[in-house]
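Here's a friendly walk through one protein chain. Have the structure open and follow along as we go.

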Amino acid sequence: MMSKQVWKPGNMLYPLPAVMVSCGDKEGNANIVTIAWTGTVCTNPAMLYISLRPERHSYQMIKETGEFVVNLTTKDLVYATDYCGVRSGRDVDKFKEMKLTKQKAEKLMYAPIIKESPVSIECKVVEIKELGTHHMFLAQVLAVDIDERYMDKSGKFRLNSADLMVYSHGEYFNLKEQLGTFGYSVRKKTTTKTKNKSSQNKVNLPKKELKWIRTDTKKDSVKK
Ligand SMILES: Cc1cc2nc3c(=O)[nH]c(=O)nc-3n(C[C@H](O)[C@H](O)[C@H](O)COP(=O)(O)O)c2cc1C
């Protein structure tokens with residue numbers, strides 16, 4: 001039987017989102033930096049983090065204003081995402097080069113949102129943790145801007161129709177196949193043929209967990 005090799009400590013947590021983080025300074029300059037070291041840390045209040053090397057051009061902007069926007073990326077944005085991760089705002093205007101559109105954020109003063117992204121998460125920094133090579137910007141989410149293209153007629157947000165992109169071990173992928181849904185492992189199986197499709201999809205989870213699912217997809221959570 002093959003055994004596992006034990007490697008020295010390193011980053012091997014994949015897949016991750018590769019997001020385009022937009023930011024701005026107080027003189028009106030804007031920039032985009034690609035970030036994979038990012039994650040959700042709290043549901044309520046909604047909080048996330050991004051980790052940045054202090055030598056990044058964006059680092060000073062975000063530190064100065066305490067603002068940034070996490071823009072989710074898609075198949076259509078993969079080229080721009082890579083470019084914004086290998087070119088610095090010190091040398092190029094990434095909005096211009098990638099033909100991306102700056103749009104005024106709803107709750108922020110300096111950081112713009114990227115119009116072409118399906119979801120832009122407006123964040124206010126609450127703490128900077130100097131961890132080592134990277135400093136972690138812990139932030140509170142102030143607003144979430146949703147592209148109406150992905151709202152269906154019944155008002156449900158179809159995020160998984162946006163062809164989202166992930167980053168895994170140096171490569172970009174899209175999400176091709178759905179393997180299950182939240183709670184499907186404990187969902188009661190229906191055996192009667194007469195049961196219709198909607199009842200087969202019913203999640204039989206404790207009330208508390210069902211509430212969580214609803215809250216997460218609730219329409220008013222995306223109201224501006
Ligand atoms: C897929 C990908 C993920 C990246 N993730 C991070 C990250 O999490 N933190 C970071 O500091 N730099 C990260 N980078 C590198 C920066 O995006 C890159 O150095 C960029 O050119 C900095 O731009 P700026 O100088 O305009 O801020 C990543 C790059 C790529 C391509």
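## Starting with a hairpin

Let's begin at a turn: β4 and β5 are joined by a hairpin that runs through four residues. The two strands are antiparallel, with four bridges between them, and β4 covers residues 38-42. If you'd like a pair to look for, find Thr40, which sits opposite Leu48 of β5. Keep in mind that this is a predicted model.

On to the next neighbour of β5. Strand β10, residues 135-146, is linked to β5 by six bridges, again antiparallel. Here Tyr49 has Leu138 of β10 as its bridge partner.

## The whole sheet

So where do these strands fit in? They belong to an open sheet of seven strands, and reading across gives β3-β2-β6-β9-β10-β5-β4, with antiparallel pairing. Which strands sit at the edges? Those are β3 and β4, each of which pairs on one side only. From one strand to the next, the sheet twists by 35° on average.

Now look at the β3 end. Six bridges hold β2 and β3 together, in the antiparallel sense, and one of the matches is Gly24 with its bridge partner Ala30 in β3. Helix α1 packs on the sheet, where it touches β2, β3, β5, β6, β9 and β10. The direction of α1 makes about 60° with that of β2.

## The middle: β6

Is β6 mostly covered or mostly open? It's mostly covered, with five of its five residues buried. Glu67, Val69 and Asn71 point one way from the strand, while Phe68 and Val70 point the other way, and all of them are buried.

β6 has partners on both sides in the strand order, β2 and β9. With β2, it pairs in the antiparallel sense over three bridges, and Ser22 has Val69 of β6 as its bridge partner. With β9, there are five bridges, also antiparallel; Phe68 is matched there with Cys123.

## The nonpolar core

How many residues make up the largest nonpolar core? There are 35, and those with the most contacts inside it are Val21, Ile50, Phe68 and Val69. Strand β2, residues 19-24, gives the most to this core, with four residues.

Val21 is a good one to click on. Leaving aside residues up to four places away in sequence, Val21 touches Ile32, Val33, Ile35, Ile50, Ser58, Phe68, Val69 and Val70. Ile50, Phe68 and Val69 in that list are also among the core residues with the most contacts.

## Around the ligand

There's a ligand here too, with 22 residues around it. Which of them come nearest? They are Trp37, His57, Gly85, Ser88 and Gly89. By type, the shell divides into eight nonpolar, nine polar and five charged residues.

Some elements we've already met turn up again. β3 (30-35), β5 (47-52) and α1 (57-65) each supply at least two residues of the shell. Of these, β3 gives the most, with four residues.

## Stepping back

Finally, the chain as a whole. Its secondary structure comes to five helices and twelve strands. Of the chain's 224 residues, 25% count as buried.

What about contacts between parts that are far apart in sequence? Among the contacts with a separation of 6 or more, 60% are between residues 24 or more positions apart.

Conventions. Residues numbered from 1 in each chain as written. Predicted model: local features only at pLDDT ≥ 70, side-chain atom pairs only at ≥ 80, totals over all residues. Core = buried A, V, L, I, M, F, W, Y, C linked by C-beta atoms within 7 Å. Buried ≥ 20, exposed ≤ 12 C-beta atoms within 10 Å, placed from the backbone. Contact = placed C-beta atoms within 7 Å. Near = placed C-beta within 6 Å. Nonpolar A, V, L, I, M, F, W, Y, C, P; charged D, E, K, R; others polar. Pairing = 2+ DSSP bridges. Axes fitted to C-alpha atoms, helices over the stretch in contact; angles between N-to-C directions.
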